[in-house]
Amino acid sequence: MLTDKENVYNFGLTTAANVQGHIRMIETETEPQTLQKGKNKKESIILEAVSNEQTYRKICFIGEDFDFTYLRPGDWTVKVYRNGLDKRYKISTDKFEFTLKPAETKN
């Protein structure tokens, strides 16, 4: 029983960090019709931000901005998944690794 005892909790606070960006599609010279299909159907991908103990996922649309807010400072990996993206599209970079500092916004 702890009724007459004092409990002390020590914890640290830090300012959260953010990741933000834009999903961009670049037309190649060999397939000029690629972008036209995207106008009829909104293509999307899944972005996943992973740290030691935290994982966040978002469905993001081609041609739009995205962000991950209130992330704990430290090492993060952002991965890109197809999410049914048309097979004619190629994801040029599917993994980004970086270290976030307190209050930093990584673009």
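**View 1. Arg72 and its salt-bridge partner.** In this predicted model, Arg72 has 46% relative accessibility, so this residue counts as partly exposed. Its partner in a salt bridge is Glu53, with the closest N and O atoms 3.8 Å apart. Look for Glu53 in the loop between strand 2 and strand 3, and for Arg72 in the loop between strand 4 (65-71) and strand 5 (74-81); the pair therefore ties together parts that are 19 residues apart in sequence. Glu53 counts as exposed because its relative accessibility is 70%.

**View 2. The hairpin of strand 2 and strand 3.** Here you can follow strand 2 (residues 44-50) and strand 3 (residues 55-61), which run antiparallel and are joined by 7 bridges. Between these strands, 4 residues make the hairpin connection. To get your bearings, find Ser44, which stands opposite Phe61 in strand 3.

**View 3. Two more salt bridges.** Side chains of opposite charge can pair when their charged atoms come close. Asp67 and Lys58 form one such salt bridge, with 3.1 Å between the closest N and O atoms. Asp67 is partly exposed because its relative accessible area is 33%, and Lys58, at 30% relative accessibility, also counts as partly exposed. Lys106 and Glu104 form another salt bridge, with their closest N and O atoms 3.5 Å apart. Lys106 has 25% relative accessibility, so this residue counts as partly exposed. The structure holds 7 salt bridges.

**View 4. A nonpolar patch on the surface.** Meet Tyr9, Phe11 and Leu13, which together offer about 490 Å² of accessible area in this patch. Tyr9 sits in the segment before strand 1 (17-22). With 67% relative accessibility, Tyr9 counts as exposed.

Note on methods
Residues numbered from 1 in each chain as written. Predicted model: local features only at pLDDT ≥ 70, side-chain atom pairs only at ≥ 80, totals over all residues. Heavy atoms only, no water. Patch = residues over 30% accessible without salt bridge, like charges linked within 9 Å, V, L, I, M, F, W, Y side chains within 5 Å. Areas by Shrake-Rupley, 256 points an atom, 1.4 Å probe, with all protein chains shown as cover. Salt bridge = Lys/Arg side-chain N within 4 Å of Asp/Glu carboxyl O. Helix = DSSP H or I, 4+ residues; strand = E, 2+ residues; numbered from the N terminus. Buried < 20%, exposed > 50% of the residue type's maximum accessible area, 1.4 Å probe, protein only. Pairing = 2+ DSSP bridges.
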